Amino acid sequence: MKIAGRGVPFALSAPALALFALMVLLPLAMTTLLSFQQYDQERGVQSGFTLASYALVLGDSYYYEIFFRTGWVAALTTLLCVLIGAPEAYILSRMGRPWRSIFLLVILAPLLVSVVVRAFGWSLLLGPNGLVNQLFEAIGIGRLKMLYTPTAVIVALVHVMLPFMVIPVWTSLQKLDPMVESAALSLNASPWTVMRRIVLPQITPGLLSGSLIVFGLSASALAIPGLLGGRRLKMVATLIYDEYLHELNWPLGATIALALLVINLAIMLSYNAVLEGSYAKRMGRS
Amino acid sequence: MKRTGPLALVFHTLVTIFMLAPLAIVCLVAFTPENTLSIPWGLSADAYSLRWFKAAFEHSDLMQSFWNSLGVAFFAATVSVALAIPAGIAIARHEFPGRQALNGLLLSPLIVPHLVLGVAMLRLFALLGARGSSLWLTLAHVVIVTPYALRLVVAALSGLDRSAEQAALSLGASHATVFRRITLPLMLPGITGGWMLAFINSFDEVTMSIFITSPQTVTLPVRMYMIATESIDPMMAAVSALIVAATAIAMIVLDRLYGLDKILVGQH
């Protein structure tokens, strides 16, 4: 379809653009304004401009603690996804014909099952009388309290996020010619050298983009910490939920939500910059 | 399995167990005859029971939420595909200023946390007086599933051989006829795959919906979240098992239609 006329692409995309302007850009702008409004215990949200919510979040160690906890939980989840997802993607990519697509589906399929169902599954497994504790008792470790601790949250987050790590690593491995590995091995390179000099550089972009997605999604996940972390283990997402739906302090909730959004975007942009930088370096060298 | 060492095989087996364990356990517990969350055991028929499935079907709030979710997901997926087809054509086939920005905006729900979208839309709905409206809830779902539909539409368009279109045009067919008789049918697998992926993602969505549903419009995952934070009984396992089964069926259909690995891997 080669239709002349400059208006055509705009006309084609106008409905989607209008919806996204109304329901993404406008609400985000309104939330930014909301974060500058005054909140009163008795009278609710007041008009006017104030930095009170920002001062509260920046001045109280309670909020630092929650941001810090969310940060390390998301970081540990990302690390575990790298350590499990990258080797798994590599093993998958070297499997034979029928098995490869079958197991790729097994690893990716949970992506399509509601996160509430998966959180519920983990609460059954990790509960005081759950299968995991029965196993621990049988092998002599004894029962551990896992539910409503960071352990349960991290285990479930890794389960939910693993496909997001396997997919980009798998995609970058597809571009690796297996003959390169064979050539290196035939030239007396050790398997370790092949791994370090050939496979690892190949999957680095995939690892970086996977880490980015996993960190961003883990830091803003609500259902997993809400169901497996319990009331006492607050994370940024559950804090925002409580401010909006229980405390009804919307300006404070808006401030924290914006902080989460800004931190998320900043990490993504800096990751992108690092990624492009490393590409440029490699291009320059070759 | 060629060239896979024993260590790699053990690792792979553990990862597979890890991925399937929480889904398998809910399906097992769903069949318990007990009042507690226990795993049914034994070979006799009375070790298993369908009572919790019956309880789920008789739970009126839960059923109401199921129909809400089904309706929202159906209309959200349909509208998102209807928006994604023209927008995808503009992005895949036209050069115009702001093309990258448009693409970025339409894919932004993949980057902006659903939590942030949820509180932002809550503010909009509160000001519009739209809390409790199924229409606005559906539009919110359209926003979060459009990226999935758009990606598959753009992928379908860029993989499309254009010689058939050119042949038809040179034989005097109008642009409208070419689109209706050639382009659209060739895009159909992508459109169907995009619709199904949009439907599943809308049906599963919980983080944004938690903020913008009201008692009448609560969707199934939100209802399950609310039930699970209060009390956990085997009925939750029965509902979860039904969702796992329905997802498995949808997956098989998607796989036959389009190749599930292509859809899922194509997401990134």
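These are my notebook entries on chain B, its interface with chain A, one pocket and the salt bridges.

**Setup.** I'm working from a predicted model, where local features need pLDDT of at least 70, side-chain atom pairs count only at pLDDT 80 or more, and totals for chains, interfaces and linings use all residues. Residues are numbered from 1 along each chain as its sequence is written, chains are lettered from A and ligands numbered from 1 in the order written, and side-chain values use heavy atoms, with hydrogens and water left out.

**Chain B.** I counted 12 helices and 0 strands in chain B, taking helices (H or I, at least four residues) and strands (E, at least two) as DSSP runs numbered from the N terminus. The C-alpha trace of chain B spans about 70 × 60 × 30 Å along its principal axes.

**Interface.** I then looked up the contact (heavy atoms within 4.5 Å). It takes 87 residues from chain B and 85 residues from chain A. The buried area between the two is about 7,900 Å², and carbon and sulfur atoms give 82% of that; buried area here is the accessible area (1.4 Å probe) that two parts lose on being put together, summed over both. On the chain B side, B:M19, B:R123 and B:Y225 lose the most area to chain A, together 9% of what that side buries. Helix α1 (residues 6–29) of chain B gives the largest share of that side, 14 residues. By class I get 64 nonpolar, 12 polar and 11 charged residues for the side of chain B that touches chain A. For these classes, Ala, Val, Leu, Ile, Met, Phe, Trp, Tyr, Cys and Pro count as nonpolar, Asp, Glu, Lys and Arg as charged, and the others, Gly among them, as polar.

**Salt bridges.** My rule is a side-chain nitrogen of Lys or Arg within 4 Å of a carboxyl oxygen of Asp or Glu. How many salt bridges does the rule find across the interface of chain B and chain A? I got 0 there, though the structure holds 9 over all chains. One of them joins the side chains of A:R94 and A:E181 (3.3 Å, N to O). A:R94 sits in the loop between α3 (61–93) and α4 (97–108) of chain A and A:E181 in helix α8 (residues 178–186) of chain A, so the pair ties together parts 87 residues apart in sequence.
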